[in-house]
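These are my notebook entries on a structure that was new to me. I looked up one item at a time and wrote down what I found.

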Amino acid sequence: MFNKIALVAAVLSPLVHALTLNTPASAVATEPLLVTWSTTPGDQPFSLELANSGSGEQIALANNVNPADESITVTLPNVSGGGFTLEAVNFGDNADVFATSAPFSISAPPS
Ligand SMILES: *[C@@H]1O[C@H](CO)[C@@H](O)[C@H](O)[C@H]1NC(C)=O
């Protein structure tokens, strides 16, 4: 019984991930960034990654985030430029992306 439900959930899960990551309005390298999202019941804990579409680089910002928190403050690494996105990924499998923000730019750190 339980296995059957788990199987159905596993098959349907790509369709029911309803996590939506908001795109930061402004982001400054090396400074704290408030990341917010909306969630629906059933969303799994995720890892938050900073991805750069240009370089393909993926930097972990937070692991095992509880979707119900709906926000987390992370400190940005010392990276700047355009084409960054936030990704919520399965913390056991970075290739399983639950949600991606729109692209945004990160400003150079204050000197
Ligand atoms: C960030 O990186 C730049 C370029 O590598 C460097 O010049 C700067 O000192 C770094 N800033 C901080 C706050 O680490």
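**Entry 1: Ser38.** I began with Ser38 and asked how exposed it is in this predicted model. I found 13 C-beta neighbours inside 10 Å, so Ser38 counts as partly exposed; a residue would need 12 or fewer to be called exposed. I placed Ser38 in strand 2. I then looked up its contacts, leaving aside neighbours within four places in sequence, and noted Thr20 and Glu70. I also recorded a pair that is remote in sequence: Ser38 and Ala68 are 30 residues apart along the chain, yet their C-alpha atoms are 8.4 Å apart in space.

**Entry 2: Glu70.** As Glu70 had appeared as a contact of Ser38, I looked it up next. Glu70 lies in the loop between strand 4 (58–65) and strand 5. I counted 12 other C-beta atoms within 10 Å of Glu70, and it is therefore exposed. Its phi is positive, about 60 degrees, although Glu70 is not a glycine. I noted beside this that most residues other than glycine have a negative phi.

**Entry 3: Thr30.** I recorded a positive phi for Thr30 as well, near 70 degrees, and this residue is likewise other than glycine. I located Thr30 in the loop between strand 1 and strand 2. With 14 C-beta neighbours inside 10 Å, Thr30 counts as partly exposed.

**Entry 4: the chain as a whole.** I then stepped back to the protein chain. I listed 1 helix and 8 strands, and the pattern along the sequence is α-β-β-β-β-β-β-β-β. The protein chain has 111 residues, of which buried residues make up 20%. Among contacts between residues at least 6 apart in sequence, I noted that 63% join residues at least 24 apart.

**Entry 5: a sheet of three strands.** In which order do the strands of the open sheet of 3 strands stand? I read the order as 1-2-5, with antiparallel pairing. Strand 1 (20–21) and strand 5 stand at the edges with a single partner strand each, so one side of each has no neighbour in the sheet. I followed the pairing of strand 2 (residues 32–38) with strand 5, which is antiparallel and extends over 5 bridges. Two of the bridge partners I wrote down in strand 5 are Thr73 for Leu34 and Thr75 for Pro32.

**Entry 6: strand 5.** Is strand 5 largely buried or in the open? I found that 0 of its 5 residues (residues 71–75) are buried, so strand 5 lies largely in the open.

**Entry 7: strands 3 and 4.** I turned to strand 3 and strand 4, which run antiparallel and are joined by 5 bridges. Across this pairing, Glu49 stands opposite Ala60 in strand 4. The two strands form a hairpin with 5 residues between them, and there I noted Gly56 with a positive phi near 75 degrees.

**Entry 8: strands 6 and 7.** I looked up a further hairpin, which joins strand 6 to strand 7 through 2 residues. The two strands pair in the antiparallel sense over 4 bridges. One bridge I recorded sets Ala88 against its partner Ala99 in strand 7.

**Entry 9: the largest nonpolar core.** Which residues touch the most other members of the largest nonpolar core? Of its 16 residues, I listed Leu21, Phe46, Leu48, Leu86, Ala88, Phe98 and Ala99. I then noted the elements that give two or more residues to this core: strand 2, strand 3 (46–52), strand 6 (81–90) and strand 7. The bridge partners Ala88 and Ala99 from the previous entry are both in my list of core residues.

**Entry 10: Leu48.** I followed one of these core residues further. Apart from neighbours within four places in sequence, Leu48 is in contact with Val35, Leu61, Ala62, Val65, Ile72, Val74, Leu86 and Ala88.

**Entry 11: Ala102.** I closed with Ala102, in the loop between strand 7 (93–100) and strand 8 (104–106). It has 10 C-beta neighbours inside 10 Å and therefore counts as exposed. I also recorded its separation from Pro24: Ala102 and Pro24 are 78 residues apart in sequence and 8.8 Å apart in space, C-alpha to C-alpha.

How values were computed: Residues are numbered from 1 along each chain as its sequence is written. This is a predicted model: local features need pLDDT of at least 70, side-chain atom pairs count only at pLDDT 80 or more; totals for chains, interfaces and linings use all residues. Two strands pair if DSSP finds at least two bridges between them. Two residues are in contact if their C-beta atoms, placed from the backbone, lie within 7 Å. A nonpolar core is a set of buried Ala, Val, Leu, Ile, Met, Phe, Trp, Tyr and Cys residues joined through C-beta atoms within 7 Å.
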